[in-house]
Amino acid sequence: MLPVRHNSGSNLDLGLSTARGRGRCKNPLCNYVYKNRHKPQHCPNCGWELSRAASRKSKIPASVEGVASLENVLDPYTPLTAAQKDIQRQNTLLLLRRSLQIPESEAELQDALALIQQLNSTQVVVTSSGDETSAQLQTGWPCFYEPPAELCSLCQYPLFKGGHGSAAGQEDCWLLTESHLQTATIQLKICINPQCLALHSLVDLYPGLFNVGNKLLVSVDLFFKIRNHIRLGHDPTLAALSVLQNVQNQQECNVDMQELQELLCSGYWAFESLTVRDYNDMICGVCGIAPKVEIAQRNTNNALLLHNVKFTWPDFAASDEVHVDEFWLTMENEALEQAAFPSSPPITRFDASIIAPFIPPLMRNSTVINTERDKIQSDECTGDLSMLVRLIHEGRLSPENLFDDQTHDELMSVLQSCGVPVSPDSSKNELIHRVCSLYTHIQNGQATGSQPPHHMTAGKLSKLCPHQVVCGSKYMVRNETARDHVDLLLSSRFWPPVYITDAAQQVALCTDVLYPELGLQMWGRNQGCFSDPMGKAEYVSCEELQDQLYSVDLMAVETPQVHPVTKSPSRWIVSPAGSLSADRHPHHNMALCRELEAYTGLVEELHSNSDLEADGLTEEAPPSVNAVRRRALTFDSAAYYYLYNRLLDFLLSREVVSAQIAQVLSACQPGEVVIRDALYRLGVAQINTENEEDEEEVEETGVELKSDLKEELVLD
Ligand SMILES: [Zn+2]
Ligand SMILES: [Zn+2]
Ligand SMILES: [Zn+2]
């Protein structure tokens with residue numbers, strides 16, 4: 001089977017976080033680890049109930065070694081009951097997860113890929129019967145496949161194989177490689193432990209082959225081809241079709257191409273779900289985990305179709321927190337299940353409040369939130385909301401207690417200041433109602449994106465560093481509002497000193513209203529602007545945003561509000577220069593700040609539509625990273641939609657990072673190595689060879705070199 005890279009379970013966090021406060025799944029066959037405060041009810045890996053009440057009645061005996069009494073085993077000649085099929089599904093997925101860990105890079109699969117090449121090469125076999133001689137092309141691939149295991153690797157029970165009519169008979173399937181599409185037969189084997197029943201033909205069948213539901217065997221090089229198509233912005237379904245169409249020799253002509261295409265696609269997403277990735281590898285080598293500037297980018301055309309998926313919203317006041325790892329494991333498990341058991345019904349009802357953003361682990365805050373269910377479409381509202389927030393800051397309005405704290409005249413004057421026409425005869429209740437509607441308009445989140453068509457979700461909102469590396473992406477069901485920006489910013493480990501969006505004022509006011517203390521620490525009464533929004537807009541220079549060369553002591557600044565690079569709690573929310581939003585709210589215009597001038601061109605490029613219209617998805621000229629990220633693409637399957645977007649963010653970002661690493665490497669002197677510093681930025685360290693007792697004592701000299709690199713990368 002595929003070379004297995006065992007996940008040592010070692011901490012990839014570079015020692016920045018500890019294993020304290022973690023628990024392990026109680027299923028002895030499973031090694032899922034969760035944070036205690038995020039303890040899921042069911043293990044997302046194996047389905048084991050983790051809540052305390054349930055943990056006593058376990059489904060699998062705590063100790064399975066030495067369970068020698070085979071009296072209570074499966075009768076393989078009786079069809080499996082629905083409950084048994086459930087157990088089988090769950091444990092087969094667990095078996096897949098535990099035995100198949102596919103390396104990210106093709107280079108690590110060289111042996112398997114070489115074997116595939118060798119078996120693909122055809123020979124002409126000449127057969128003659130009587131006078132007739134015919135020549136046939138044959139590959140080296142066998143026609144019959146049987147997993148070699150005799151014992152179940154989950155529970156050590158013996159495996160059973162039988163003939164037709166048994167629970168583990170033989171199945172006819174397709175064998176698909178780059179050169180051939182032909183038929184083959186698989187001998188199934190199942191575990192006879194009635195608590196396990198794992199299906200063993202899906203793993204360990206043959207080197208380099210991936211088994212999709214015992215219906216299709218695919219050589220894994222084809223999955224790398226699909227991944228390359230996706231990197232170029234192609235629709236995964238069409239990528240699968242193009243791979244199928246390029247198979248040179250198709251033995252049979254009565255092939256259901258659509259069924260094959262679907263199997264190939266679901267196999268692909270299972271393959272990606274079993275691929276071992278460190279998502280921290282995509283963190284920008286220049287900005288590290290604490291970019292100074294982040295730029296919002298939306299893609300409303302990258303959406304999930306709602307024909308087959310129905311979103312539900314919890315009707316109780318649940319917490320804002322989402323369980324990120326659990327969400328992504330659930331999506332992966334759904335992809336695995338679709339590939340292992342193609343006839344299982346896909347997810348059709350989906351609790352929208354569990355949808356988590358994608359943020360590389362080291363860039364995540366300890367609490368990640370999604371407040372989308374509180375986004376309420378409020379009526380059109382006229383009034384100066386910025387003034388309303390100013391009045392709150394000045395203590396002239398206390399929205400908590402309008403009735404007792406404010407007099408009729410005060411309410412009148414608040415509304416007049418906000419430009420809301422009121423007649424002096426209005427009752428106090430009427431005035432309160434008007435003030436409330438202004439306030440809740442900010443609280444619910446002012447719309448910052450357009451309303452999606454009724455059969456689609458609202459797309460995706462990402463924030464990027466100036467090197468076009470994705471720092472986080474949020475997927476929205478309802479149309480984008482200021483809340484989505486605030487959710488994404490608060491879910492990040494560091495709120496960036498400068499956040500550039502065409503919804504700057506809405507985002508700043510939403511922060512001021514939902515998190516007043518935070519707003520006060522970040523920008524006082526300035527509402528995210530460079531200067532007092534009630535005064536004259538001024539051209540400024542922000543000392544904090546100038547390049548600093550001293551090194552960063554992360555431990556010393558890990559007070560949440562002080563940014564580790566600027567060493568300051570100051571933050572700004574700004575609009576792209578020349579945008580409509582900058583015209584409407586001139587105090588947020590990024591052109592007002594000297595230190596942001598260098599970013600103007602980049603921001604314009606990220607928001608322009610020119611390379612989208614050109615749609616350069618041709619073979620000759622690969623499209624820009626920005627064009628791929630902003631492609632219009634819709635999905636029918638929720639799992640594939642989320643997995644695709646995470647994959648694309650990773651692939652495109654890591655490509656930038658690989659170029660950065662190559663650049664640093666090329667400047668390395670003998671005896672130097674490329675490292676990531678405490679903020680995960682690239683640097684160069686010297687290997688100290690004199691001191692041989694410490695294995696590799698490295699001395700950081702990276703900081704100055706990095707700032708050279710930064711200039712080059714920003715300016716080109
Ligand atoms: Zn588990
Ligand atoms: Zn077993
Ligand atoms: Zn960067």
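**Strand S8 and two zinc sites**

Strand S8 and strand S12 (residues 249–250) pair in the parallel sense over 2 bridges, where strands are DSSP runs of E of at least two residues and helices runs of H or I of at least four, numbered from the N terminus, and pairing requires that DSSP finds at least two bridges between the strands. The structure is a predicted model, in which local features need pLDDT of at least 70 and side-chain atom pairs count only at pLDDT 80 or more, whereas totals for chains, interfaces and linings use all residues. Residues are numbered from 1 along each chain as its sequence is written, chains are lettered from A and ligands numbered from 1 in the order in which they are written, and side-chain values use heavy atoms, with hydrogens and water left out.

Within the pairing of S8 with S12, Leu181 has Gln250 as its bridge partner. Leu181 also stands opposite Leu176, a contact between S8 and strand S7 (residues 170–176), which are antiparallel and joined by 7 bridges. S7 and S8 form a hairpin, with 3 residues between them. Strand S5 (residues 144–145) runs parallel to S8 and is joined to it by 2 bridges; here Tyr145 is partnered by Ile186. Of the 8 residues of S8 (residues 180–187), 7 are buried, so the strand is largely enclosed by the rest of the structure; buried denotes under 20% relative accessible area, exposed over 50% and partly exposed in between (1.4 Å probe, protein chains only).

The zinc ion (ligand 2) has as protein donors the SG atoms of Cys152, Cys155, Cys191 and Cys196, at 2.2 to 2.3 Å. Donors are N, O and S atoms within 2.8 Å of the metal (3.2 Å for Na, K and Ca); water is not among the atoms, so sites may look incomplete. The 4 donor atoms subtend angles of 93 to 119° at this ion, which makes the arrangement tetrahedral, a term applied to four donors if all angles lie between 85 and 135 degrees. Cys152 lies in the loop between S5 and strand S6 (159–160) and Cys196 in the loop between strand S9 (190–191) and strand S10 (209–212), so the pair ties together parts that are 44 residues apart in sequence. Both Cys152 and Cys196 are buried.

The zinc ion (ligand 3) is bound through Cys284 (SG), Cys287 (SG), Cys465 (SG) and His467 (ND1), lying 2.0 to 2.3 Å from it. Its 4 donor atoms subtend angles of 101 to 115°, and the arrangement is therefore tetrahedral. Cys287 is buried, with a relative accessible area of 10%, and Cys465 is buried at 0%.

Note on methods:
Four donors count as tetrahedral if all angles lie between 85 and 135 degrees; four count as square planar and six as octahedral if opposite donors are over 155 degrees apart and all others between 65 and 115; anything else is irregular.
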